[in-house]
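This report introduces a structure to a reader who has not met it before. It takes up disulfides, a sheet and a helix in turn.

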Amino acid sequence: IRRKMIDGETGNYTIFTLVKSQDERYIDQGQRTYTFAPVKGTDYSLALVLPNYSMHYIRATIGDTITQAKFSESLLADKFDEYGYTFIAPRMYCRDLKPPDKETNNTEYLMDFNNYIDIKTPNNPMCNVELVNRLLLDAGITSDLIKIWKQNELQPGVIARFVATDGGITRVFPKSAGLDWKEEAETYESSFYKRSLDNDLYIFKATLCNESDNDVLVSRAVNLEIKGHTLKPAVVGVKLDIYAWMESFINITYRMNCKDEICGCKKDDPYINCVLLDDGGFLIMSNQEDYVDQIGCFFGAIDPDLMRTLVNSSLFTAKSTYDYQSVCEPKRESKAAAGLRSIYVPTIADILNLGWWATAAAWSIVQQLLVSITFPNLLDAAETDDKVSDAMTKEVCITEQTQYFFENKESSFGGSFECANFTRQYLAEKVPNTNLVFIISDRQEGNSQSCGLGKLRQDEQPSDGPDPCEIALRPRYRKAPSVCFDKTEH
């Protein structure tokens, strides 16, 4: 595809490929359709990439203002007790209603949206009527769903129910659970939402490692068949109470009145570790109380010996990617050894490095250089403040990130491994219809990393990158432009 795009060809391919999640913690194998064509009058090509469930979409046609008003009523902030805490995706619904930035409270934006359509109506010529009507349609459908949920009590161990839609509605019921909702209001920027669409499974997702509140979300996409076409207009799920679920987890896996050597997963068992990991290798549940605070952490940092064995046994497959235009914190000298403050001047090697020019830091430096050349007296007496911008304090670097996933289709794994004259056995079984694997193993001797190989890392780390000599043996296809562009011409 890349070669054909460089050569200016037109084409359409449907392939299975690896897709990185929004939070960059997971990789999924998904089907994508690539449609590409050259951009007229340039040497560029443009590709549109769509998953199979986005080839068709629901077009809402709500013509009468009465129905629009009825659906929009459920979006009012004073109706949260009745319809659950509600979020709307920050999209360009109307040209004169600016979407909020990341710092703006979503409820404020929801109130602004309600006031706008109440005064100007959704059919205002400044609005994208299809986008607004789809939001209102989803608001109406999800409000009916909340009415059904209100008739049924929450199951034991469930804190909340939620629904997120293609149209941009997220409702969390009851309202109290929405006050600490941490997921993105834009559903397509939310990891649980996109992963639920790409996997016909119950997707378990824990909060990020070391957050104050440890939560686990369980979600699944709603499949809708219309005239032979599959649509996924929404994702529904529940939020679990960690300690109630831990108790259920232990009760299910522990055999009472057992006289065997191993009787399952007893709470805080000094000899046996039981864990549930998701398909990215992140801890979801354990029988050990001291593991509960680490729910959401990468298991390679908790028990690296066992995690390495799981990778070597092909339960998990590791996939590393490099970012050649990343920025890292520079290695600074101490202030005591610092000389006169001055602007950073890039070396010739920096200037020849295309990655350097691509960073925000570089452009900030170029702007400052231009100002100092144009107005030399302006900066003479100026002293640089310690709180300079983030871009100016970072330097170009290569970073490496590794994701783990279930490439192997087998469901059962087991074996043993030895570290420091101590042999540990393990058994692993994938949980059907979920993205989980259940692992029971001998506990680490002294609860230490006995192999001494250090922790496995999943998050982004500075790297030297792949061997350039090996890359040079397999150069990627490139093509010089046929004409030069004069950007001042037009």
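Which residue does a disulfide join to Cys94? The partner is Cys127, with an S to S distance of 2.0 Å. The model is a predicted one, in which local features need pLDDT of at least 70 and side-chain atom pairs count only at pLDDT 80 or more, whereas totals for chains, interfaces and linings use all residues. Residues are numbered from 1 along each chain as its sequence is written, and side-chain values use heavy atoms, with hydrogens and water left out.

**Disulfides**

A disulfide is a covalent bond between the sulfur atoms of two cysteines. Here it is assigned to a pair of cysteine sulfur atoms within 2.5 Å. The structure holds 4 disulfides, and the table lists three pairs, including the one already named.

| Pair | S to S distance | Angle about the S-S bond | Hand |
|---|---|---|---|
| Cys94 and Cys127 | 2.0 Å | 95° | right-handed |
| Cys265 and Cys274 | 1.9 Å | -90° | left-handed |
| Cys328 and Cys397 | 1.8 Å | 70° | right-handed |

The disulfide of Cys94 and Cys127 has a right-handed link. This pair connects distant parts of the chain, 33 residues apart: Cys94 belongs to the loop between β4 and α4 (106–120), and Cys127 to the loop between α4 and α5 (129–150). Helices (H or I, at least four residues) and strands (E, at least two) are DSSP runs, numbered from the N terminus.

The link of Cys328 and Cys397 is right-handed as well. Cys328 lies in strand β12 (residues 317–328) and Cys397 in strand β13 (residues 395–405), so this disulfide ties together parts that are 69 residues apart in sequence.

Are these cysteines buried or exposed? Buried means under 20% relative accessible area and exposed over 50%, with partly exposed in between (1.4 Å probe, protein chains only). Cys94 counts as buried because its relative accessibility is 0%, and Cys127 is buried at 9%. Cys265 is buried at 1%, and Cys274 is buried at 0%. Cys328, with a relative accessible area of 12%, is buried, as is Cys397 at 14%. Cys469, by contrast, counts as exposed, with 56% relative accessibility.

**The sheet**

An open sheet is formed by 6 strands with antiparallel pairing, in the order β4-β6-β5-β9-β8-β7. Two strands pair if DSSP finds at least two bridges between them. Why is one side of β4 and of β7 left without a neighbour in the sheet? Strands β4 (85–88) and β7 (203–206) stand at the edges and have a single partner strand each, so one side of each lacks a neighbour there. From one strand to the next, the twist averages 20°.

Within this sheet, strand β8 (residues 216–226) runs antiparallel to strand β9 (residues 229–240), and 10 bridges join the two. In this pairing, Val222 stands opposite Ala234 in β9.

**Helix α7**

Strands β7, β8 and β9 appear again in the surroundings of helix α7. This helix (residues 191–198) is largely enclosed by the rest of the structure, because 7 of its 8 residues are buried. The buried residues are Ser191, Phe192, Tyr193, Arg195, Ser196, Leu197 and Asp198. They pack against β1 (11–20), β2 (27–38), β5 (158–165), β7, β8 and β9, where contact means heavy atoms within 4.5 Å.

How values were computed. Axes are lines fitted to C-alpha atoms, for helices over the stretch in contact, and angles run from 0 to 180 degrees between N-to-C directions.
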